[in-house]
Amino acid sequence: MAGLFFSGAHETGFRRGRTLWIAAAALAATAAIGAPAAHADSASCSVSFPTVHSFPGGFTAEGKVVNTSATPLTGWRVSWTFTRDEKLFSLLTTSWTQTGRNVTATNVSWNGAIAPGGSVNITAVGNSTGGTFGLSNVTCTPL
């Protein structure tokens, strides 16, 4: 049996070809098994309110949720803490709650999917003393 694969100078072209093929197949199988699995990019997002219009007693803030990863988002949640006495009237294009200064908003059925690099606009409308608008602890979480 030892001569089955390597028979030295008497090896035929058929056996040599078969030997090389078996060795290549074994090497490929070993490489495939030993190779680490590719990891999918984790979904991530960011939120900002780049445009704020303040007026006495209120504000409107035009915000944006951005998919910052190479993976499509299938849902998102944003949250923040108002820094003063801001109270929302509406947070357009979201389902939202406000408890004290804490706000949490999630996507609605038609805007949860965001392609990589894509964004969804949201608009906050509310009141506050002196028309202030301030946020802290702003987060965006993929769902």
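**A four-stranded sheet and one disulfide**

Good morning. I begin with a single pair of residues: L91 stands opposite A124 in β7. The model before you is predicted, with local features requiring pLDDT of at least 70 and side-chain atom pairs counting only at pLDDT 80 or more, whereas totals for chains, interfaces and linings use all residues. Residues are numbered from 1 along each chain as its sequence is written, and side-chain values use heavy atoms, with hydrogens and water left out.

Let me turn to the chain as a whole. The protein chain has one helix and eight strands. Here helices (H or I, at least four residues) and strands (E, at least two) are DSSP runs, numbered from the N terminus. Read from that end, the order of elements is α-β-β-β-β-β-β-β-β. Of the 143 residues, 27% count as buried. Buried means under 20% relative accessible area, exposed means over 50%, and partly exposed lies in between, using a 1.4 Å probe and protein chains only. Among contacts with a separation of 6 or more, 68% come from residues 24 or more positions apart; a contact means heavy atoms within 4.5 Å.

Next, the sheet. Which order do its strands take? The sheet is open, with four strands in the order β1-β2-β7-β4 and antiparallel pairing. β1 (45-55) and β4 (87-92) stand at the edges with a single partner strand each, so one side of each has no neighbour in the sheet. On average, neighbouring strands of this sheet are turned by 20° against each other, direction ignored; the axes are lines fitted to C-alpha atoms, for helices over the stretch in contact, and angles run from 0 to 180 degrees between N-to-C directions. Two strands pair if DSSP finds at least two bridges between them.

At one edge, five bridges join β4 to the antiparallel strand β7 (residues 119-127). This is where L91 faces A124, the pair with which I opened. At the other edge, nine bridges join β1 to β2 (residues 58-67), and these strands also run antiparallel. The hairpin of β1 and β2 has two residues between the strands, and G57 there takes a positive phi near 90°.

Within this pairing, S54 stands opposite F59 in β2. Is F59 buried or exposed? F59 is buried, with a relative accessible area of 0%. The C-alpha atoms of F59 and E86 are separated by 8.8 Å, although the two residues are 27 apart along the chain.

Two other residues deserve attention for their backbone. T93 has a positive phi of about 65° although it is not a glycine. T93 lies in the loop between β4 and β5 (95-99) and is partly exposed, at a relative accessible area of 26%. N137, also not a glycine, has a positive phi of about 55°. N137 is placed in strand β8 (residues 135-142) and is exposed, with a relative accessible area of 58%.

I close with the disulfide. How many does the structure hold? The structure holds one, where a disulfide is a pair of cysteine sulfur atoms within 2.5 Å. The bond joins C45 to C140, with an S to S distance of 2.0 Å. This pair links distant parts of the chain, with C45 in strand β1 and C140 in strand β8, 95 residues apart. The torsion about the S-S bond of C45 and C140 is about -105°, so the disulfide is left-handed. Both C45 and C140 are buried. Thank you.
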